[in-house]
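Trainee: I have a model open and would like to work through it by the numbers. Can we start with charge, then move on to packing?

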Amino acid sequence: MAWDPEQYALFDVWRRRPAHDLVAALPSIEPKTVVDLGCGGGQLARLLAERWPDADVLGVDNSPAMLTWAEGTASRVRWMQADLRDWRPHWPVDLLISNAALHWLDDHQRLFPELLQTLAPGGVLAVQMPRNFEAPSHRLLYETAGEGPWAAKLKEALRTKPVHAPRDYYDWLSPRAARVDIWETEYLQVLNGDVPVLQWTRGTTLVPVMETLQGEELDAFLAAYRAKLEAAYPQRPDGNTLFPFKRLFIVARV
Ligand SMILES: C[S@@+](CC[C@H](N)C(=O)[O-])C[C@H]1O[C@@H](n2cnc3c(N)ncnc32)[C@H](O)[C@@H]1O
């Protein structure tokens, strides 16, 4: 997919925070091998390389644009281009971590147990994914996609339920893990700018739409979606826009 690292980085502070919350919840470990799945521009992988200076840290992503961004930063992290739909580490990993990436993959019932299997004894799988797909930002996107002349084209491009209920992840992981810790957090994100929720989704959820539609058709789609967002997320008297955002956290240790 055509990720735009600059657009994604517009809300860097808010996007980075759940990654820090995930790291803060890790059990006490001294990993020798760390893999960041869907590393994007590499902020989390760089943080982990600084935290564990002796660990081998690998960031994996399939977006050339994101990896070019990552490679342009100073760090000792190794970067690899691979598709996580079929790539798995072929060595035992002490910490397998993923921030805001695995919701782009299907079949979590198969994926999550497979990821556990790649861990070394005592290893940790730590994952954060958005679980905000019923919020107006996403509901209105699917509604706009279904209403216009673009409906047939977008039907395949948008995945409306990529993340399951927390109990499903518990059921898939707990038979194979010594400990599973799952929780959700809703961040009350305070954004500023012109219809900032549209700017936010342009960096992530809208990427498949912007890849599928072009020119006037894309402009018409964005105008229709923007009008809905303006009504759903009005500016507060202080000029800010509140964008509540729910995220799911999973930390499993084998
Ligand atoms: C929302 S970004 C998150 C990036 C980074 N983890 C962060 O927290 O800033 C999602 C990332 O997942 C990557 N991604 C999505 N599907 C992928 C796949 N099938 N294989 C590898 N990477 C994938 C995208 O290229 C993108 O960089």
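**Charge, shape and core**

Mentor: This model is predicted. The protein carries 27 positive and 33 negative side chains, and the centres of these two sets are 4 Å apart.

Trainee: How compact is the protein for its length?

Mentor: There are eleven helices and seven strands. For 254 residues the globule rule gives 18 Å, and the radius of gyration is 19 Å, close to that, so the protein is as compact as a globular protein of that length. The C-alpha trace spans about 50 × 40 × 35 Å along the principal axes. The value to keep is the radius of gyration, 19 Å.

Trainee: What percentage of the residues is buried?

Mentor: Buried means under 20% relative accessible area. By that cut-off, the share among the 254 residues is 52%.

Trainee: Which strand gives the most to the largest nonpolar core?

Mentor: That core has 80 residues, and L95, L102, F112, L125, M129, V209 and F221 have the most contacts inside it. Seven of its residues come from one strand, residues 241-253. The name is strand 7.

Trainee: How many residues does the other core have?

Mentor: It lies apart from the largest one. Among its members are Y8, M66, A100 and V207. The count is five.

Trainee: Which residues does F221 contact, leaving aside neighbours within four places in sequence?

Mentor: F221 is among the residues with the most contacts inside the largest core. Beyond its sequence neighbours, its partners are L141, T144, A145, W150, L154, L206, V209 and L213.

Definitions and conventions. Residues are numbered from 1 along each chain as its sequence is written. This is a predicted model: local features need pLDDT of at least 70, side-chain atom pairs count only at pLDDT 80 or more; totals for chains, interfaces and linings use all residues. Side-chain values use heavy atoms; hydrogens and water are left out. A nonpolar core is a set of buried Ala, Val, Leu, Ile, Met, Phe, Trp, Tyr and Cys residues joined through side-chain atoms within 4.5 Å. Buried means under 20% relative accessible area, exposed over 50%, partly exposed in between (1.4 Å probe, protein chains only). Helices (H or I, at least four residues) and strands (E, at least two) are DSSP runs, numbered from the N terminus. Contact means heavy atoms within 4.5 Å. The radius of gyration is taken over C-alpha atoms; the globule rule is 2.2 Å times the number of residues to the power 0.38. Lys and Arg count as positive and Asp and Glu as negative; His and the chain ends are not counted. The place of a charge is taken as NZ of Lys, CZ of Arg, CG of Asp or CD of Glu.
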